[in-house]
Amino acid sequence: MHKCTVRAGSNIAFIKYWGVADPALNLPLSNSISMTLADAYTVTTVAWEERSAQARGEAPDEPDEIVLDGVQLDGATAQRIVAHLDRLRALAQVNWRARVVSQNNFPAAAGIASSASGFAALTVAGCRALGLELSPTRLSALARRGSGSACRSLFGGFVEWEQGHDDTTSVARPLFPAGHWDLYDVVAVVSRAAKAVSSAGGHRVAATSPFNPARIASLPPLLATVRAAIKARDISRLGPAIEQDALAMHGVMMTSTPSLLYWQPGTLEVLHAVRRWRQEEGLAVYFTIDAGPNVHLICEQDQVDPVVQRLQQLASVQQILVSGPGPGPVELDEHLF
Ligand code: PMV
């Protein structure tokens, strides 16, 4: 049976991937650094069925079947996944049909990147079910083609995606394992509305911002600071660097053509609250924001409860999700179908 089930964690970037040098290959404009999450993950089962001789003849090929969180996908979302299945078929040199069932343990549009965990799980499960034995680095390159940030979810803990210059060199590598530092991502959900512009669309227009070259030029020392801060488990060094890059990325987004304004009023309420808690109450908590309105609060374990308690008092916070660092993809014995 050509079937495999894999669980992969999402990841939160401390230094962001924003903008592509090559949209077909998803080659980024810089390195990025993230933490793979333990408690925000996707479980995906992939089964490959050999097409019958009849189906290989006159009858049109049956399309792949893709079910995400209980909903059968069609249109553009299905197309993106079928394109990825095609990459796997090409590698294995088969024309088999895929059945894919995938489940996120976190609500869609909660501001956690389901494309990162989703494409990581799909890549690993799909390849293993085909009998392809690829190294984590090869799998990272392959996952990158589906969604850039997915290449980082091929490893657990703290991970750096090397910009690279072609398909094989643009891959993630582990910096430190999950057990290195009990750092938490506390997600303040302030809006569940689907975003108007996908990150794929955003990456393509990043270069239209006059601020984009300045942000990219600012990254080498910032990446060095983040690497050193993670190594030393020093939140007071990590925090300012991640806030700076999140704000720089949103500056690029806001000044692109077309302009992308992901923030909602609730976003600003949380940003100001975080700085107030830090300055007035000495809480060691810092923020980062992906391509959406929700705010990720980064802190060490002892600050999680005080942060959650304070977030619960804010009018615009609808939901709070908490996750520490987690492992890379794990193969599961139980299949989803
Ligand atoms: O992998 P994508 O195309 O969904 O892009 C992710 C973009 C950010 O989440 C904003 C930043 C990042 O590095 O994860």
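Start by selecting the ligand and its shell: 14 residues surround it, and Tyr17, Ser147, Ser149, Arg152 and Ser199 come nearest. A residue counts as near when one of its heavy atoms lies within 4 Å of the molecule. Before going on, note that this is a predicted model, where local features need pLDDT of at least 70, side-chain atom pairs count only at pLDDT 80 or more, and totals for chains, interfaces and linings use all residues. Residues are numbered from 1 along each chain as its sequence is written, and side-chain values use heavy atoms, leaving out hydrogens and water.

Color the shell by class next: you'll get 5 nonpolar, 6 polar and 3 charged residues. Here Ala, Val, Leu, Ile, Met, Phe, Trp, Tyr, Cys and Pro go down as nonpolar, Asp, Glu, Lys and Arg as charged, and the others, Gly among them, as polar.

Now pick Arg152: one of its polar side-chain atoms sits 2.8 Å from a ligand oxygen. Move to His203, where a polar side-chain atom is 3.0 Å from an oxygen atom of the ligand. With Ser115, a side-chain N or O atom is 3.4 Å from a ligand oxygen. The cut-off for a polar contact is a pair of N or O atoms within 3.5 Å. Switch on the surface: the protein covers 94% of the 380 Å² of accessible area that the ligand has on its own (Shrake-Rupley, 1.4 Å probe).

Finally, zoom out and show the cartoon, with its 9 helices and 14 strands; these are DSSP runs, H or I of at least four residues for helices, E of at least two for strands. The C-alpha atoms fill a box of roughly 70 × 40 × 35 Å along the principal axes.

Definitions and conventions: Polar contact = N/O pair within 3.5 Å; in protein donor to acceptor, adjacent residues only side chain to side chain.
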